[in-house]
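Subject: Handover of the model and notes on what it shows

Dear colleague,

I am passing the structure on to you, with the sequence and coordinates placed just below. My notes follow, arranged by topic.

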Amino acid sequence: MSASASAPVTKSPSRIPKIPFWAQIVTGLVLGVLLGWLARSQDVSWLKETLGQVGDIFVQLLKLAVAPLVFFAILVSITNLRKVNNAARLAAQTLVWFMITSLIAVAIGLTIGLITNPGAGTGLTPQDGKLPKREGTWIDFLTGIIPSDVITPFTELNVLQIVFMAAVAGVAALKLGDRAKPILALSESVLELLQKALWWVIRLAPIGTVGLIGFAIADYGWELIGKYATFTADVYIGCALVLFGVYPLLLATVAKVNPIQFFKGAWPAIQLAFVSRSSVGTMPVTQKVTERLGVPKEYASFAVPFGATTKMDGCAAIYPALAAIFIAQIFDVQLGIQDYLLIAFVSVVGSAATAGLTGATVMLTLTLSTLGLPLEGVGLLMAIDPILDMMRTATNVAGQALVPVVVAAREKILDVDAYNSASSSPVDEPAREAEQKVAVPATA
């Protein structure tokens, strides 16, 4: 009896080509614009209603996880600081760089607004404005941090109060030490469960894009955008200057890393933020891309959740600065140097009022009430808000990933090799191993 061994063969399982996630998003954008244009130009009411419902469902699914996600993310992030050397120094550095980048962003917003006069020539009048449903004042902001009970913040989605309770629970857990380990283990498991569930929602982003963009075009139309052309361009230009000018400059000069690599690694989070218009909804992706860029997991798990609720260069710096100038011009109110300084102060200190949710109405009303401008001015901007919010949120999320990279680089804890090898592939896509050759056993 003789045995003959066959040569090793390669098994190559057939796979259907997978469309990259970014391509799915772009396809959703294009399809949404086309369907929105069709619904408006042909007055197809059922199509407009369907687009609105699809977009609303996607946003509601994101919001569904917001309250528990914020609570457990902040709690776990604070307790994770015990695993990091110089935790207090890292936390302080993070806060300082949040403030620095916010100041730069608000300065850019004010400069663009003063140069372009966005409220001039719009044809809008004070009568076109209306009072917002939600308002923000410093009294409400300060007294609203502490909840009256532990249930209402979750049912009413008061993220600021949820952050407060989570921070208190996190500090208490640190003080308890080993006795808090069961609670921390449960919290980490719940957080992983929430993030896994949110991944499923995130995979629906291309469909949600069709609904959100399509309804915006069908409901508002290009004519409305034309009225706000200067203001819309100002917001997009201001955000672009921060996103593609200030951030790369900080990466190159302060962190001393390649800015292009940052955008390659952070792109999945930036594009999802543009579509979802929610910093908190994007938070799991932001944290993963930040870790992929070489930031230690223990530090990233603190800095990213903290940033998702307080770091808002788009919504809390550029936008309120431009909006205040726009509304002042519509209502014929002259702003002075002290008013511009107040805008900068509100942008840095009051940014937590935005709390990472879709829209920045509360932050804008806080700014207007501080300056003494009519709150009816908010109504002038509500119609155009979804168009603006996409770019604002993308800028927010990019900043939330940027600051941990800058701080980690300055503190010499950034994994430079991981940073330089970061790719733009979806972060939930497992790394594909090289095809292995499988040897067929010899037959006797």
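Before the surface is described, one term needs fixing: a patch here is made of residues with over 30% relative accessible area and no salt bridge, nonpolar side chains being joined within 5 Å and like charges within 9 Å. Please also keep in mind throughout that this is a predicted model.

With that definition in hand, a nonpolar patch of about 470 Å² appears on the surface, made by I57, L61, L64, L204 and I207. Helix α2, which covers residues 45-64, supplies the largest share of this patch, namely 3 residues. I207, another member of the patch, belongs to helix α9, residues 205-227. Because its relative accessible area is 52%, I207 counts as exposed, the cut-off for that class being over 50%.

The surface also carries a patch of positive charge, where R82, K83, K196, K288 and K297 gather. One of them, K288, sits in helix α12, which spans residues 279-292. The relative accessibility of K288 is 36%, and so K288 is classed as partly exposed.

As for the chain as a whole, the protein has 19 helices and 0 strands. It comprises 444 residues, of which 53% count as buried. The surface that the protein chain exposes comes to about 20600 Å², and carbon and sulfur atoms supply 63% of that area. If one takes the contacts between residues at least 6 apart in sequence, 86% of them join residues that are at least 24 apart.

Turning to charge pairs, side chains of opposite charge can pair when their charged atoms come close. With a side-chain nitrogen of Lys or Arg required to lie within 4 Å of a carboxyl oxygen of Asp or Glu, the count of salt bridges comes to 5. Among them is the pair of R392 and D389, whose closest N and O atoms are 2.7 Å apart. These two residues, both placed in helix α18 (residues 385-410), are 3 residues apart, which is about one turn of the helix, and both R392 and D389 are buried. Through salt bridges that share partners, D385, D389 and R392 are joined into one network. Within that network, the side chains of D385 and R392 meet at 3.1 Å, N to O, and D385, like R392, is buried. Another salt bridge links K181 with D178, with 3.5 Å between the closest N and O atoms; here both K181 and D178 are exposed.

Two buried positions may be useful when you look at the interior. Helix α18 also holds L402, which is classed as buried because its relative accessible area is 1%. Leaving aside residues up to four places away in sequence, L402 touches T101, Y247, L250, L251 and F262. L402 and W97 are 305 residues apart in sequence, while their C-alpha atoms are 9.7 Å apart in space. The other position is T367, found in helix α16, residues 361-371. T367 has a relative accessibility of 1% and therefore counts as buried. With residues up to four places away in sequence again left out, the contacts of T367 are P320, A324, I343 and V346.

Finally, there are two backbone angles that you may wish to look at in the model. Most residues other than glycine have a negative phi. D43, however, has a phi near 55°, a positive value in a residue that is not glycine. D43 lies in the loop between α1 (21-41) and α2, and because its relative accessibility is 64%, D43 counts as exposed. K412, which is not a glycine either, has a positive phi of about 60°. The place of K412 is the loop that runs between α18 and α19 (416-420), and its relative accessibility of 72% is why K412 counts as exposed.

With kind regards

Note on methods: Residues are numbered from 1 along each chain as its sequence is written. This is a predicted model: local features need pLDDT of at least 70, side-chain atom pairs count only at pLDDT 80 or more; totals for chains, interfaces and linings use all residues. Side-chain values use heavy atoms; hydrogens and water are left out. Accessible areas come from the Shrake-Rupley method with a 1.4 Å probe; for residues, only the protein chains shown count as cover. Lys and Arg count as positive and Asp and Glu as negative; His and the chain ends are not counted. The place of a charge is taken as NZ of Lys, CZ of Arg, CG of Asp or CD of Glu. Helices (H or I, at least four residues) and strands (E, at least two) are DSSP runs, numbered from the N terminus. Buried means under 20% relative accessible area, exposed over 50%, partly exposed in between (1.4 Å probe, protein chains only). Contact means heavy atoms within 4.5 Å.
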